[in-house]
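Work through the exercises below with the sequence and the model open. Each task is followed by a solution in steps.

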Amino acid sequence: MILITGGLGFLGSSLAETLMDKGHRLLLTGRSATKARNLAAVKERAAIEHGDVTDFDWVRSLVLEHSPEVIFHFAGQLTSYESFENPLYDVDVNSKS
């Protein structure tokens with residue numbers, strides 16, 4: 001099992017397609033279902049969980065439940081204005097997770 005945080009975004013979903021084509025089992029995370037369109041090629045074959053990577057209890061529960069062998073961390077803020085509005089959250093998402 002491979003866990004991809006930010007798996008619903010552009011980078012995460014692109015990696016997911018490649019890994020699925022190679023036969024890997026995937027768990028993808030994202031904050032909302034609005035980016036599910038990025039997963040058209042893999043959504044029926046990957047497990048998807050919605051949550052915030054700054055919720056450490058949620059991330060811990062996913063890791064304990066699924067025991068991923070590899071974790072790719074692609075979750076993060078996308079726009080600079082969000083980082084100016086809430087810089088501590090930006091650090092949590094981009095660096096601490």
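**Exercise 1.** In this predicted model, classify phenylalanine 74 as buried, partly exposed or exposed, then describe how its ring pairs with that of phenylalanine 72.

*Solution.*
1. The relative accessible area of phenylalanine 74 is 37%. Buried requires a value under 20% and exposed a value over 50%, so phenylalanine 74 is partly exposed.
2. Phenylalanine 72 has a relative accessibility of 29% and is therefore partly exposed.
3. Searching the whole structure gives 1 aromatic pair. Its members are phenylalanine 72 and phenylalanine 74, with ring centres 6.3 Å apart and planes at 0 degrees.
4. Planes under 30 degrees apart count as stacked, so this pair of phenylalanine 72 and phenylalanine 74 is stacked.

**Exercise 2.** Place strand 1 among its neighbours: which residues stand opposite threonine 5 in strand 2 and in strand 4?

*Solution.*
1. Strand 1 covers residues 2–5. Side chains in a regular strand alternate between the two faces of the sheet.
2. On one side of strand 1 are Ile2 and Ile4, on the other Leu3 and Thr5; all are buried, and both faces are covered.
3. Strand 2 (residues 26–30) runs parallel to strand 1 and is joined to it by 4 bridges. Threonine 29 is the bridge partner of threonine 5 there.
4. Strand 4 (residues 70–73) is also parallel to strand 1, with 4 bridges between them. In strand 4, histidine 73 stands opposite threonine 5.
5. Strand 1 and strand 2, together with helix 1 (residues 10–21), form a β-α-β unit that is right-handed.

**Exercise 3.** Which residues of helix 2 are buried, and why do they line one face of the helix?

*Solution.*
1. Helix 2 spans residues 56–66, and its buried residues are Trp58, Leu62 and His66.
2. Viewed down the axis of helix 2, these residues fall within an arc of 45 degrees, so they line one face.
3. An α-helix has 3.6 residues a turn, so residues three or four places apart point the same way.
4. Strand 2 and strand 3 (47–50) are among the elements covering the buried residues of helix 2.
5. The face turned away from the buried side of helix 2 carries exposed Asp57, Arg60 and Leu64.
6. Serine 67, just after helix 2, has a positive phi of about 45 degrees.

**Exercise 4.** Which backbone oxygen does the side chain of serine 13 reach at 2.6 Å?

*Solution.*
1. Serine 13 lies in helix 1 and is buried, its relative accessible area being 4%.
2. The oxygen at 2.6 Å belongs to the backbone of glycine 9.
3. A polar atom of the serine 13 side chain also lies 3.2 Å from the backbone oxygen of phenylalanine 10.

Methods: Residues are numbered from 1 along each chain as its sequence is written. This is a predicted model: local features need pLDDT of at least 70, side-chain atom pairs count only at pLDDT 80 or more; totals for chains, interfaces and linings use all residues. Side-chain values use heavy atoms; hydrogens and water are left out. Rings of Phe, Tyr and Trp (its six-membered ring) pair if their centres lie within 6.5 Å; planes under 30 degrees apart count as stacked, over 60 as edge-to-face and the rest as tilted. Buried means under 20% relative accessible area, exposed over 50%, partly exposed in between (1.4 Å probe, protein chains only). Helices (H or I, at least four residues) and strands (E, at least two) are DSSP runs, numbered from the N terminus. Two strands pair if DSSP finds at least two bridges between them. A crossover is right-handed if, with the strands pointing away from the viewer, the path from the first strand over the helix to the second runs clockwise. The arc is that of the directions from the helix axis to the C-beta atoms. Contact means heavy atoms within 4.5 Å. A polar contact is a pair of N or O atoms within 3.5 Å; within protein, one must be able to donate a hydrogen and the other to accept it, and residues adjacent in sequence count only if both atoms are side-chain atoms.
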